[in-house]
Amino acid sequence: MGFVMDAFAVTVDHEEMIVSMKAGLKLPGTITTKKELSELLRENNVFKGINKEEINRAFEELPTLEAEKNYIVAQGKAPVNGVDGRLEFHVNVSGKAEYSAGDNLDGERVDYKNAVSVESVVVGTRLLTVVPPTLGTDGYNLSGKTLAAKNGKEINVVLSEGTEFNANRTEVIATSQGRPVFSHGIFSVRSVYDVSGDVCYETGNIKFNGHVHIFGGVQDEFSVEADSVEINGVVGSADIKCKGNMIVTGGVNGRGKSNIICGGNAEIKYINSAKIEVKGNLTVQKEIVNSEVKCNGRIVSKKIIGGESYALKGIEVVQAGSEVGTPTVMVSGHNYEIERIENAMGVLSAQIDATIKPIKNNLGDREFFKKLDAEKKDSVIKAYAYFTRLKSAYVRLIQGRETIMKNDEFTPVKEVVILKRMYQDVFIKTKLCSKNFMVEVGGPIKLIEDINNSSIKKVSYAQSAEEEMMSKEED
């Protein structure tokens with residue numbers, strides 16, 4: 001049978017702010033009563049954090065203990081400093097690419113081209129929350145001295161263009177669309193996104209609500225989508241789409257794969273083997289070669305060689321075709337938006353005919369419908385509902401076409417101006433007339449409709465001084 005514990009050895013540690021009692025045998029320096037403990041605490045300057053409940057429990061258990069046991073009978077409290085205020089971002093302001101899933105060594109896939117490298121926001125977007133600092137909680141030592149805590153520090157954020165605080169200044173809201181930027185404590189939404197080099201694997205595809213200025217080019221198989229675009233380098237077999245104006249000072253080498261859509265005016269150094277749609281005017285400094293160009297403004301280019309060029313407001317070139325007789329098609333007075341609508345109408349018309357044909361002869365025949373079994377009735381009902389939806393879509397297309405045709409902005413200009421030379425095998429067309437010119441023709445001339453002969457005729461054309469200078473320039 002072991003010894004029964006009959007005393008406590010007391011340890012006072014002011015540095016760790018703790019007083020402990022270990023139950024054991026009565027030895028010099030130990031205590032056996034609460035009174036002795038009280039005197040010891042007072043002698044050691046312990047007045048705060050005394051746990052009376054633990055003291056009572058310790059002395060109640062002591063007569064029954066057969067092994068050493070430790071009790072914490074007094075303890076100070078360390079101060080708890082407040083937490084600094086912080087900004088909780090709701091949008092990406094890093095500018096770093098974030099990759100979506102694609103194939104990697106672990107069996108997952110990483111799509112390095114569709115990296116989201118530009119965060120773009122619209123008006124009203126919640127950009128960040130300002131989380132306020134918290135207050136500190138003071139502590140105390142065993143002697144009762146207060147240990148002061150530090151309060152958290154306020155976070156400072158300065159707002160610049162395109163941002164504002166909400167009413168209670170706890171959140172920042174976008175007041176314009178664009179790219180959220182946080183730099184040196186200043187938050188802004190910028191309407192311009194600068195790409196210092198090429199659009200490539202490092203940047204991923206660019207999609208931005210604002211103006212994109214690319215100081216390099218756009219590499220093959222990448223894409224850029226923005227409100228407006230300025231590209232200093234060369235566009236490869238890439239896709240470009242913008243709602244407004246476009247400038248490509250390095251030109252386009254499309255390799256038959258590039259698709260460019262511009263909702264405003266476009267200025268491009270040259271276009272080679274690409275598809276391009278321009279809602280406004282298209283100005284090409286050098287040449288358009290073997291490309292499909294559709295423009296609802298006017299095409300002005302030094303040369304057009306090969307391919308097909310369509311323009312609602314006419315075409316003006318220094319040289320058309322080439323010395324070797326490259327087949328070149330130029331169509332004036334052509335509206336590509338109406339063409340797209342009419343193509344869609346043709347598809348819908350075929351679908352309408354195919355849908356209505358099986359039920360056409362019995363439409364309105366109630367007796368015939370009553371004789372059908374449930375499955376066939378259901379089939380007829382679904383076919384008629386589908387026919388109705390197709391017809392509604394067809395009517396909307398007609399209305400859209402009429403809206404465009406009534407707009408003076410889309411009045412066709414049916415002319416092709418040749419300032420210097422048109423080589424053989426150039427095909428000039430309007431909607432009603434066409435002619436394939438098989439011999440070389442000198443300029444300046446204007447080619448217009450000859451309605452009586454369903455052909456194209458030449459008329460004299462007076463050059464301006466600027467046009468005359470342009471026609472004399474050599475590559």
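# Reading the predicted model, residue by residue

Reader: In which strand is Arg255 found?
Author: Arg255 sits in a stretch that runs over residues 252-262. Strands here are DSSP runs (E, at least two residues) and helices are runs of H or I, at least four residues, numbered from the N terminus. The strand holding Arg255 is S20.

Reader: How far can I lean on the model, and what is the average pLDDT?
Author: It's a predicted model, where local features need pLDDT of at least 70, side-chain atom pairs count only at pLDDT 80 or more, and totals for chains, interfaces and linings use all residues. Numbering starts from 1 along each chain as its sequence is written, and side-chain values use heavy atoms, leaving out hydrogens and water. Go easy on residues 102-107 and 464-469, where pLDDT (the predictor's confidence in each residue, from 0 to 100) stays under 50. Still, 91% of the residues score at least 70, and the protein averages 88.

Reader: Back to Arg255: is it buried or exposed?
Author: Its phi is positive, about 55°, although Arg255 is no glycine. Most residues other than glycine have a negative phi. Buried means under 20% relative accessible area, exposed over 50%, partly exposed in between (1.4 Å probe, protein chains only). At 54%, Arg255 is therefore exposed.

Reader: And Met17, with its phi near 60°: buried or exposed?
Author: Met17 is in the loop between strand S1 (7-13) and strand S2 (18-24), and its phi is positive too. Its relative accessibility is 14%, so Met17 counts as buried.

Reader: Where is Ile288, and what is its relative accessible area?
Author: Ile288 lies in strand S23, residues 282-289. Leaving out residues up to four places away in sequence, Ile288 touches a set including Ile271, Val293, Ile299 and Ile305; contact means heavy atoms within 4.5 Å. Ile288 is buried, and its relative accessible area is 0%.

Reader: Which helix do the buried residues of H5 pack against?
Author: H5 has 33 residues, which at 1.5 Å a residue should span 48 Å; its end C-alpha atoms are 48 Å apart, so the two agree. (The expected span is 1.5 Å times one less than the number of residues.) The buried residues of H5 are Ala383, Phe387, Leu390, Ala393 and Ile404. Those residues pack against H3.

Reader: Is the peptide bond from Gly443 to Pro444 cis or trans?
Author: Pro444 lies in the loop between strand S32 (441-442) and strand S33 (445-450). Most peptide bonds are trans. The bond from Gly443 to Pro444 has omega near 5° and is cis.
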